[in-house]
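Let's walk through this protein together, from its overall make-up to a few backbone details. Keep the structure open beside you as you read.

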Amino acid sequence: MPMFRPPPIAPSEITPQSVFLDRRRFMQGAAALGALGAGGGSALAAPAALAAPRNAAFSVDAEPTPKKLVTGYNNYYEFGTGKYDPAASADQMKTRPWTIEVGGEVEKPQTIDIEALLKMQLQERVYRFRCVEAWSMVVPWVGLEFNQLAKMVGPTSKAKYVKFTTAMQPETMPGLRVPVLDWPYVEGLRIDEAMHPLTLLTLGVYGEILPNQNGAPVRIIVPWKYGFKSVKSIVKIEFVEQQPGTAWNKAAANEYGFYSNVNPNVDHPRWTQKRERALPALFASRQTEIFNGYGDQVASLYAGMDLKSNF
Ligand SMILES: Nc1nc2c(c(=O)[nH]1)N[C@H]1C(S)=C(S)[C@@H](COP(=O)(O)O)O[C@H]1N2
Ligand SMILES: [Mo]
């Protein structure tokens with residue numbers, strides 16, 4: 001069984017050492033990853049297919065990261081801070097029934113059922129995905145543009161930001177008992193970032209519905225930003241006037257800014273962002289690209305902004 005080593009710098013720096021260095025938990029996780037290799041996301045049932053045509057114009061021309069890593073090496077702190085915790089324990093999460101409450105500065109606030117989203121015209125997009133911890137993946141996500149959902153509710157002119165909130169299921173999410181973040185997990189985007197065609201409301205990956213550990217049943221993917229902006233298991237979307245407080249910014253404002261655009265020229269205070277470990281590689285040998293390689297599409301959103309102070 002291949003052993004995937006933890007990133008060169010990362011969870012041990014971000015989370016309490018006692019949690020990360022707990023060898024028993026680590027070994028359980030590693031065993032679970034081995035099981036994934038043999039079976040798939042769940043021991044109980046095969047994941048449902050969610051095939052969608054690939055949108056080549058919005059896909060990178062790169063080989064996707066092995067599925068076993070995309071669905072087995074995760075950050076989902078509600079299920080623990082270890083990379084193998086989510087795949088090992090997220091199967092208990094209840095993903096039906098599931099609704100998203102969409103409101104705030106909108107003409108038609110509404111509660112949207114996940115089944116309605118699944119019936120919409122979906123597409124597959126192969127995106128680069130870059131974690132702030134300096135590892136990256138290439139992932140075939142399935143979903144729709146977030147702006148399609150926004151059109152359903154009609155944001156008003158007062159809507160300047162969008163705030164996303166993750167579900168809280170204390171009975172299935174053991175990580176909520178650990179105060180690493182100010183739960184629930186909240187993230188935000190400026191309205192033009194949210195409405196950008198690259199911002200994907202994501203329902204599936206690798207042609208199947210999202211495994212719980214990847215943020216089932218619905219999450220956001222913002223490919224030019226560090227991974228923590230890509231909120232999982234969304235239950236609430238609010239269009240707001242003021243920039244929302246976000247979970248990681250509250251936890252360490254000097255390390256995790258509101259924008260968090262991938263930027264090789266702005267190092268994390270505790271490690272370099274110049275290079276990244278393109279999984280499954282063991283070393284950080286890939287040059288990090290400004291805006292994660294999406295500069296042609298998104299740089300204009302930040303024209304005239306100092307990206308060092310607005311990190
Ligand atoms: N609710 C919630 N969303 C989250 C996280 C989390 O801990 N909780 N982790 C973030 C981070 S740091 C990353 S890198 C990505 C990981 O997504 P993946 O596991 O699908 O690769 O999810 C992001 N979304
Ligand atoms: Mo991340």
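## A guided walk through the fold

Pro-184 sits in the loop between E5 and E6. It makes a handy place to start, since the peptide bond leading into Pro-184 from Trp-183 is cis, with omega near 0 degrees. Please keep in mind throughout that this is a predicted model.

From that loop, look at the two strands on either side. Strand E5 covers residues 161–166, and E5 pairs with E6 in the antiparallel sense over five bridges. To find your bearings in this pairing, look for Tyr-161, which stands opposite Arg-190 in E6. Strand E6 itself, residues 186–190, is mostly covered, with five of its five residues buried. Val-186, Gly-188 and Arg-190 lie on one side of E6, Glu-187 and Leu-189 lie on the other, and both faces are covered. That two-sided arrangement fits a general pattern: in a regular strand the side chains alternate between the two faces of the sheet.

Now step back to see the whole protein. Its secondary structure comes to ten helices and twelve strands. Of the 311 residues, 53% count as buried. Among contacts with a separation of 6 or more, 73% are between residues 24 or more positions apart.

The next stop is the hydrophobic interior. The largest nonpolar core has 80 residues, and those with the most contacts inside it are Leu-117, Trp-141, Phe-146, Phe-164, Trp-224, Ile-237 and Phe-239. Strand E4 supplies the largest share of this core, six residues. Which residues does Phe-164 touch, leaving out those up to four places away in sequence? The list includes Phe-146 and Ile-237, both of which are also among the residues with the most contacts inside the core. Phe-164 also touches Tyr-185, Val-186, Glu-187 and Leu-189, as well as Ile-220, Val-231, Ile-234 and Lys-236.

Strand E4 deserves a closer look, together with its partner E3. These two strands pair in the antiparallel sense over eight bridges, and Val-126 stands opposite Pro-140 in E4. E3 and E4 form a hairpin with four residues between them, and in the turn Ala-134 has a positive phi of about 70 degrees. Strand E3, residues 123–130, is mostly covered, as eight of its eight residues are buried. Gln-123, Arg-125, Tyr-127 and Phe-129 point one way from E3, while Glu-124, Val-126, Arg-128 and Arg-130 point the other way. Notice that buried residues on this strand include arginines on both faces.

Pro-140 also leads us to another part of the chain. Val-205 is found in strand E7, and its C-alpha atom is separated from that of Pro-140 by 5.7 Å, although the two residues are 65 residues apart along the chain. Is Val-205 buried or exposed? Val-205 counts as buried because its relative accessibility is 2%. Leaving aside neighbours within four places in sequence, Val-205 is in contact with Val-139, Pro-140, Trp-141 and Val-142, and also with Val-70, Leu-210 and Pro-211.

Let's turn to the empty space inside. Rolling a probe the size of a water molecule over the atoms shows where empty space is left. A search of the whole structure finds three cavities of 30 Å³ or more. The largest cavity has a volume of about 390 Å³. Of the 27 residues that line the largest cavity, Asn-75, Tyr-76, Gly-227, Phe-228 and Lys-232 lie nearest its centre. The lining divides into 17 nonpolar, six polar and four charged residues. E4, residues 135–145, turns up again here, giving the most to this lining with three residues.

Finally, a few backbone details are worth a visit. Another cis peptide bond joins Ala-216 and Pro-217, with omega about -5 degrees; Pro-217 lies in the loop between strands E8 and E9. Tyr-206, in the loop between E7 and E8, has a positive phi near 50 degrees. Ser-260, in the loop between helix H9 and strand E11, also has a positive phi, of about 50 degrees, although it is not a glycine. How do these two residues stand in terms of accessibility? Tyr-206 counts as partly exposed because its relative accessibility is 24%, whereas Ser-260 is buried, with a relative accessible area of 4%.

Technical notes
Residues are numbered from 1 along each chain as its sequence is written. Chains are lettered from A and ligands numbered from 1 in the order in which they are written. Side-chain values use heavy atoms; hydrogens and water are left out. On a 1 Å grid over the protein atoms alone, a cavity is a set of points where a 1.4 Å probe fits but cannot get out, and a pocket is an open set with protein on both sides within 12 Å along at least five of seven lines; lining residues have an atom within 4 Å of a point. Grid points are joined across faces, edges and corners, and a volume is the space filled by probe spheres set on the points. Ala, Val, Leu, Ile, Met, Phe, Trp, Tyr, Cys and Pro count as nonpolar, Asp, Glu, Lys and Arg as charged, and the others, Gly among them, as polar. A nonpolar core is a set of buried Ala, Val, Leu, Ile, Met, Phe, Trp, Tyr and Cys residues joined through side-chain atoms within 4.5 Å. Buried means under 20% relative accessible area, exposed over 50%, partly exposed in between (1.4 Å probe, protein chains only). Contact means heavy atoms within 4.5 Å. Two strands pair if DSSP finds at least two bridges between them.
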